[in-house]
Amino acid sequence: MDNLERRDREMAYISDSAVMEQQKACRKILQRLNFADRSDFDTLAAIVKELLGKSENAFINPPFYCDYGSHIEVGKNFYANYNCTIIDVAKVTIGDNCMLAPNVAIYTAGHPVHPASRNSMYEYGISVSIGDNVWIGGNTVILPGVHIGSNTVIGAGSVVTKNIPDWTVAAGNPCRVIRRITEADRKYYYRDREFDSEAWEAVRDLR
């Protein structure tokens, strides 16, 4: 079994020349994305489409970093703000209407804990998944193997080490559920600040 197959089966693998050739192809696309005219939104969107493949209305504010791009699957209306890093050794699956704030990092990659095992050059990737309608706050780190449920908010500065359920606000290091999100939250846009009547007309019936 070659290292590409080992990697894709989430087994211990070594980043040999075949693995690095795939990363080189990704880096060429990232070079164009990260040095494109930041005001040319159409060009940026086209490069994002090339990088991620199947996507609808996805947009990334560069700079952006990943290993492959082809291991990232996003739903409709994906948005990643500045300086996002997705180490996509394993699959990263993100649902519809998800937003990543600046400096979010998603890591599927890791190395053995024991130094002798780590010095063998073997590493691994374990998949990460994020549901629909999720907002990940700035400077959040998501670790290998984590699933974040739909309709969830992760507070800024969190380190997500374990699964987070649907319809929750979670934050901290390690990230923990703080409370449920309920229908009562709909009328607020920030803490105790309610939508004005004009904005509420547009918000109240959305699902």
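This short presentation describes the fold, selected residues, backbone exceptions and salt bridges of one protein chain.

The structure before you is a predicted model, in which local features need pLDDT of at least 70 and side-chain atom pairs count only at pLDDT 80 or more, while totals for chains, interfaces and linings use all residues. Residues are numbered from 1 along each chain as its sequence is written, and side-chain values use heavy atoms, with hydrogens and water left out.

I begin with the chain as a whole. It contains 5 helices and 20 strands; these are DSSP runs, with helices being H or I of at least four residues and strands being E of at least two, numbered from the N terminus. Along its principal axes, the C-alpha trace spans about 60 × 40 × 25 Å. The radius of gyration is 19 Å, which agrees with the value near 17 Å for a compact globule of 207 residues. That radius is taken over C-alpha atoms, and the globule rule is 2.2 Å times the number of residues to the power 0.38.

Turning to the surface, the accessible area of the chain is about 11,600 Å², and carbon and sulfur atoms account for 53% of that. The areas come from the Shrake-Rupley method with a 1.4 Å probe, and for residues only the protein chains shown count as cover. Of the 207 residues, 40% are buried. Here buried means under 20% relative accessible area, exposed means over 50%, and partly exposed lies in between, with a 1.4 Å probe and protein chains only.

Next, contacts, defined as heavy atoms within 4.5 Å. If one takes the contacts between residues at least 6 apart in sequence, 25% of them join residues at least 24 apart.

Two residues illustrate the interior. Leu-51 belongs to helix H3, which covers residues 41-52. Is Leu-51 buried or exposed? Its relative accessibility is 5%, so Leu-51 counts as buried. Setting aside residues up to four places away in sequence, Leu-51 touches Cys-26, Ile-29, Leu-30, Phe-64, Cys-66, Gly-69 and Ser-70. By contrast in position, Ile-164 is 113 residues from Leu-51 in sequence, and the two C-alpha atoms are 28 Å apart in space.

The second residue is Thr-85, in strand S5, residues 84-87. With a relative accessibility of 19%, Thr-85 also counts as buried. Beyond its neighbours within four places in sequence, Thr-85 is in contact with Tyr-65, Val-104, Ala-105 and Ile-106.

I now come to the backbone. Most residues other than glycine have a negative phi, and most peptide bonds are trans. Which residues does a cis peptide bond join, with omega about 10 degrees? They are Pro-62 and Pro-63, and Pro-63 sits in the loop between strand S1 (59-60) and strand S2 (64-66). Another cis bond links Asn-173 to Pro-174, with omega about 0 degrees. Pro-174 is likewise a loop residue, placed between strand S17 (168-171) and strand S18 (176-180).

There are also positive phi values to report. Asn-83 has phi near 65 degrees. This residue is in the loop between strand S4 (79-80) and S5, and at 32% relative accessible area Asn-83 is partly exposed. For Asn-139, phi is near 65 degrees, and its loop runs between strand S12 (135-136) and strand S13 (141-142).

Finally, the charges. The chain has 23 positive and 26 negative charges, whose mean positions are 5 Å apart. Lys and Arg count as positive and Asp and Glu as negative, without His and the chain ends; each charge is placed at NZ of Lys, CZ of Arg, CG of Asp or CD of Glu.

How many salt bridges are there? The count is 11, where a salt bridge is a side-chain nitrogen of Lys or Arg within 4 Å of a carboxyl oxygen of Asp or Glu. One of them pairs Arg-9 with Glu-5, with the closest N and O atoms 2.9 Å apart. Arg-9 is exposed at 52% relative accessibility, whereas Glu-5 is partly exposed at 33%. Another joins Glu-183 and Arg-186, at 2.5 Å from N to O; Glu-183 is exposed, with 54% relative accessibility. In a further bridge, Arg-204 and Asp-205 have their closest N and O atoms 3.8 Å apart. Arg-204 is partly exposed at 36%, and Asp-205 is exposed at 60%. Elsewhere, Lys-54, Glu-73 and Lys-91 form one network through salt bridges that share partners.
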